[in-house]
Amino acid sequence: MTLSQRRPDFVLLAVTLFLLVLGVVMVHSASSALSLKTFGDAYYFAKRQVLWACLGLVLMYLASRYDYHRLRRFAPGFLVVSFALLVLVLIPGVGRNVNGSQAWIGIGSFGVQPSEFMKLALILFLAHYLADSGDRMRSFTRGFLPPLLLALTAVGLIMLEPDLGQSVVIMGVAVVLLFTAGANLQHLLLLFGAGVAGFAAMVAMAPYRMARITAFLNPWADPLGKGYQIIQSLYALGSGGLLGLGLGQSRQKYLYLPEPQTDFVYSIIGEELGFLGAAAVLVLLAVIVWRGLRTALYAPDEFGSLLAAGITGMIGIQALINIGVVTGSIPATGVTLPFISYGGSSLTLMLTSVGVLLNISRQAVFPAR
Amino acid sequence: MRVTRGMMRRRLVALLGILLLAISALVGRLAYIQVLLSPWLSDQAQALWSRSIPLQGTRGTIYDATGQKLVYTASAPSVIATPAQIKDKPGTAAKLAAVLGMPADQILQLLNKRVSMVYIQPAGRRITDQQAAQIRALNLPGVYLTEEGKRVYPYGTLAAQVLGITGADNQGITGLEKQYDDVLSGEPGAITFYAKANGEQMPGLGQSYIPPVDGLDLQLTIDVHIQQFVEREIEQAVAEYNPDHVTAIVADPKTGAILAMANYPTFDPANWKQYPSSTYNQNLAIWQTFEPGSTFKIVTLSAALQEGKVTLSDKFYDPGYYEVAGHRIRCWKAGGHGSQTFLNVVENSCNPGFIALGERLGKQALFDYIRKFGFGQKTGIDLPGEGTGILFPLSKVGPLELATTAFGQGVSVTPIQQVMAVSAVANGGLLMKPYVVQAYINHDTEQVVHEVQPTVVRRVISPQTAATVRQALESVVARGSGTGAYQAGYRVAGKTGTAQVAENGRYSGSHYIVSFIGMAPADNPRLVAYVAIDYPRPRNGAPVFGGVIAAPIVGRILADSLQYLGVPPQSGGLPKKQKWNDIPQVQVPNFVGMTIGDAQRAAIQSTAQLQTQVVGTGKYVVWQAPAAGTQVPSGSTIRLYLGDSPVPQPQAGGSGGGTGGQGGGASSSGGGAGNSSAGSTGG
């Protein structure tokens, strides 16, 4: 017995909105010192984040009203455009280099990250492609390899920028989709083995890479160099303690922690709101993962399941990587914290993705109680 | 295996499990950081944010008794650094090195310390104003200037060992600076504030200012003028006798207040590091222990008078020696003093007479008095590093030890012990505790916070006995061995001392410590003064006696000080033995080289009618005072110093057998005391 739902997943919506508001508040708190110093306006980042959030909410609403099945026809075109943008961004003069990474295409002060679009484009295309693959997935050459090569091409282009964080997320999302679509576990293990072997080869060629990657294990070996950001992040989390210093009371945001409004906003959350606040954010992210995968589980068709799994995987993987880096649990790779970090491309894309999830949840067929 | 919806659902559940597991792991990691590591991380962060600039309270000033500044604190800038704020450490070190003239790698070492604040030392402590301006102009992040105190000594070396020295952190190391470190130093304060990474103050957190508390000022009993008299006399004595050490003390016997205390060699406390440590570490006046020699006879005399074992008019016959336990201890005067009263015994510093007093007292009583006078224990003066001295343990005292102790051999005492013991005689028999600080004064309000009251330690002898002893001591100066200290108009009483110093277990033939302790006015002493000269080397090889070298110094110190204190000269004291003021001057003939008999005959037969006083033992006159050719009033006494050969000996006079010394001379048979003699025993 099944029952068709007409309403979207309100839990997912509520948690998303809550994190969004928390994000605006924390971006403001974290950035006020920096933006006052740089732009003479303590609200510089906060104002822009609010604008982006509004734009994102509009897109989320539209996406939630737009039948996700109709997205399938855009999948190939969207992918081609995204690839084109990824190539364009590498052309000097077109792409903009920020912090040593050629990741932005901009008109005036308005900039977008093609890699953000590629994430969604790849999810959409792979969901579209894998939904029809059926038993072909069991084959290595015909099922497993083509989508993998597609993802590797995207990763290759992004690594040229270079942007390790986005590459890892895209690879992770591709693996999630392949896994969900029923790829042979042996193939996935093979992929994992190849990854390890590749990494080992790179380390063998240049041993300093090992040191760089393991720097997170002991950041105090180079406290003012590679370890600086992670140490400052740990200082923020540590001084927050159990209950935090209180909203707006962060000290690390006073130019100790670089760019506290983007990749390291979670450190400031930990400092101001303490372990309880920071853990609550993790729990809310877990709720999103749960609601997202629940949507995937009960989506009316395989395309819906794969699309929901891909989007949820993207959110989950990005959150894990971001917080993993901030807590010094994994090597430094720059990715934003979904819904919270400052950044227009990232925020609008995340909200649009949630809009798509909400649309799938509307059409999901839940088992009767 | 076919790909089915069921399989996809199983994989989705697995995916959910994996993601939730990873999130749970992060919650655990977060708890580890924010709960378990929090105290440590929080401390580290605190050190990173907080800038604490130490503020020193001003170290108290030390004033003399009349309000003159002897040492005060002037402010000087010092460089401190907060390592966590310095990103370019080698660059910062190099710039600081250029200004401070200190190796850059040494500064870098300091900057690499994982502490919240370091002093750039030593070159960055108490720098000049120009250096401070240069460093301010460099505007280096994490480098600050603070003010530190620098001790200034307006009187240079004056009373250096009493004042003592301070170290790099303004901590007292020796002398009063050490003894009163807590009083002088006050409490350090600090300005603590939280700073952004660029050094600006964090908004909204304020700053805490812990004001430093200034130390208290000290007012001493030391009087700059008297101290200067004393140091002037020491300088002259050093110029004349080239001794190893000189120590002098002036005390107020009624209170125990120390009015002057000085030593040679001295040092400049502002530059103490340039001197040998023995010079700035030891205050000889309280630390050095040595055999007192005849000055110690005051104790024996006091004890015997108090116990009724003798009166000054009792007769005593001195054949030139005293037999103790089969040993003949000889008097310093060959042939002895013959028949005399005990007053003469004191005047002549006759050893057999004092041995007799010692025997009459017995060892128990004599040693009781020695202890009651404060020997063998610290006086408790408010200065660090006081010596205790050594007395024979009573159980080890045989007749020989009793005999030598009675005239001041075989015991070892400090100068301050002697001064306080004689002060007790001057003070009607009350032993006082010596002190140097008379008041604490608030540095800012100049109010007296605490006043030190004189402390009576105990009564040692009765006022009557004390008066009798003073009478005898006045007689010593007027008519006996201490005439060098005689000052017309001021009734000086005192006692000479000459002690041989044992070197390698034997008494040296040339190394003496000559001393004199005096008081004035004798009927109601205002001052007690003491001087000891260690190893004087008179020119012309003149012999070494306390009466000749030390007594005039004490006489001059007492006269100058009494005049300065406004004590009027008085008449009615004992006249000096020879009144010669109105008598025509005659020229002194040369007696040196004659035998004693010839010399005495020549003196009497000369028209000048000179008297002779014989000093030392031997057959020949080796030195005379005054020297041949000097104009003296007729009837004056010429002192003839005797030796065994007609040729003057280079250092000390007296016999080569180690005898001699106006007071301390014991024959070689008295050497049993030598092994415990003290010239080099430490305190």
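Which residues does A:Tyr266 touch, not counting residues up to four places away in sequence? Keep that question in mind as you load the model, which is a predicted one.

**Stop 1: the core around A:Tyr266**

Select A:Tyr266 and show its surroundings. Within chain A, A:Tyr266 touches A:Leu237, A:Ala278, A:Ala279, A:Val281, A:Leu282, A:Asn322, A:Ile323, A:Val326 and A:Leu337, not counting residues up to four places away in sequence. From the other chain, B:Leu30 touches A:Tyr266 too.

Now widen the view. A:Tyr266 belongs to the largest nonpolar core, which has 124 residues. Colour A:Leu19, A:Leu307, A:Phe339 and A:Ile340 as well: together with A:Tyr266, these have the most contacts inside that core. Helix α10 of chain A, residues 265-298, gives the largest share of the core, 17 residues. Another core lies apart from it and has 96 residues. To find this second core, select B:Val71, B:Val310, B:Val436 and B:Val469, which are among its members. In soluble globular proteins, nonpolar side chains tend to be buried together.

**Stop 2: where the chains meet**

Colour the two chains separately. The contact takes 57 residues from chain A and 46 residues from chain B. About 4,600 Å² is buried between them, and carbon and sulfur atoms give 72% of that area. Look for salt bridges across the interface and you will find zero by the rule used here. Polar contacts do occur: eleven residue pairs are counted between chain B and chain A.

On the chain B side, select α1 (5-36) and α2 (38-49); each supplies at least two residues to the side that touches chain A. α1(B) gives the most, with 22 residues. By type, the residues on this side of chain B divide into 31 nonpolar, nine charged and six polar.

**Stop 3: a loop in chain A**

Go to the loop between α11 (302-326) and α12 (344-363) of chain A, and pick A:Ile330. A:Ile330 is partly exposed, at 30% relative accessibility. Leaving aside neighbours within four places in sequence, A:Ile330 is in contact with A:Phe216, A:Ile321, A:Gly324 and A:Val325. Draw a distance to A:Leu217: the two C-alpha atoms are separated by 8.2 Å, though the residues are 113 apart along the chain.

Stay between α11 and α12 and select A:Phe339. Is A:Phe339 buried or exposed? A:Phe339 is buried, with a relative accessible area of 1%. Its phi is positive, about 70°, although A:Phe339 is not a glycine.

Next, move to A:Glu259, in the loop between α9 (228-240) and α10 of chain A. Here too phi is positive, near 45°. A:Glu259 is partly exposed, with a relative accessible area of 37%.

**Stop 4: salt bridges**

The count over all chains comes to 17 salt bridges. Three are worth a click.

- Show A:Asp9 and A:Arg291, whose side chains meet at 2.7 Å, N to O. A:Asp9 sits in the loop between β1 (2-4) and α1 (10-39) of chain A and A:Arg291 in helix α10, 282 residues apart. Both are buried.
- Show A:Asp132 and A:Arg72, at 3.0 Å, N to O. A:Asp132 is in the loop between α4 (114-131) and α5 (140-159) and A:Arg72 in the loop between α2 (44-65) and α3 (75-88), so the pair ties together parts of chain A that are 60 residues apart in sequence. A:Asp132 is exposed, with a relative accessible area of 53%.
- Show B:Arg151 and B:Glu177, with their closest N and O atoms 3.0 Å apart. Both are buried. Add B:Arg59 and B:Asp181: salt bridges that share partners join these four residues into one network.

**Stop 5: across chain B**

Show chain B as a cartoon. It has 19 helices and 26 strands. Buried residues make up 56% of its 683 residues.

Two cis peptide bonds can be picked out. One runs from B:Gln121 to B:Pro122, with omega near 5°. The other runs from B:Tyr264 to B:Pro265, with omega near 0°. B:Pro122 is in the loop between β4 (118-119) and α5 (129-138), and B:Pro265 is in the loop between β10 (257-264) and α10 (277-281).

Finish at B:Arg639, in strand β26 (residues 637-643). B:Arg639 is partly exposed, with a relative accessible area of 24%.

Definitions and conventions: Residues numbered from 1 in each chain as written. Chains lettered and ligands numbered in written order. Predicted model: local features only at pLDDT ≥ 70, side-chain atom pairs only at ≥ 80, totals over all residues. Heavy atoms only, no water. Contact = heavy atoms within 4.5 Å. Buried area = accessible area lost by both parts, 1.4 Å probe. Polar contact = N/O pair within 3.5 Å; in protein donor to acceptor, adjacent residues only side chain to side chain. Helix = DSSP H or I, 4+ residues; strand = E, 2+ residues; numbered from the N terminus. Nonpolar A, V, L, I, M, F, W, Y, C, P; charged D, E, K, R; others polar. Buried < 20%, exposed > 50% of the residue type's maximum accessible area, 1.4 Å probe, protein only. Core = buried A, V, L, I, M, F, W, Y, C linked by side-chain atoms within 4.5 Å.
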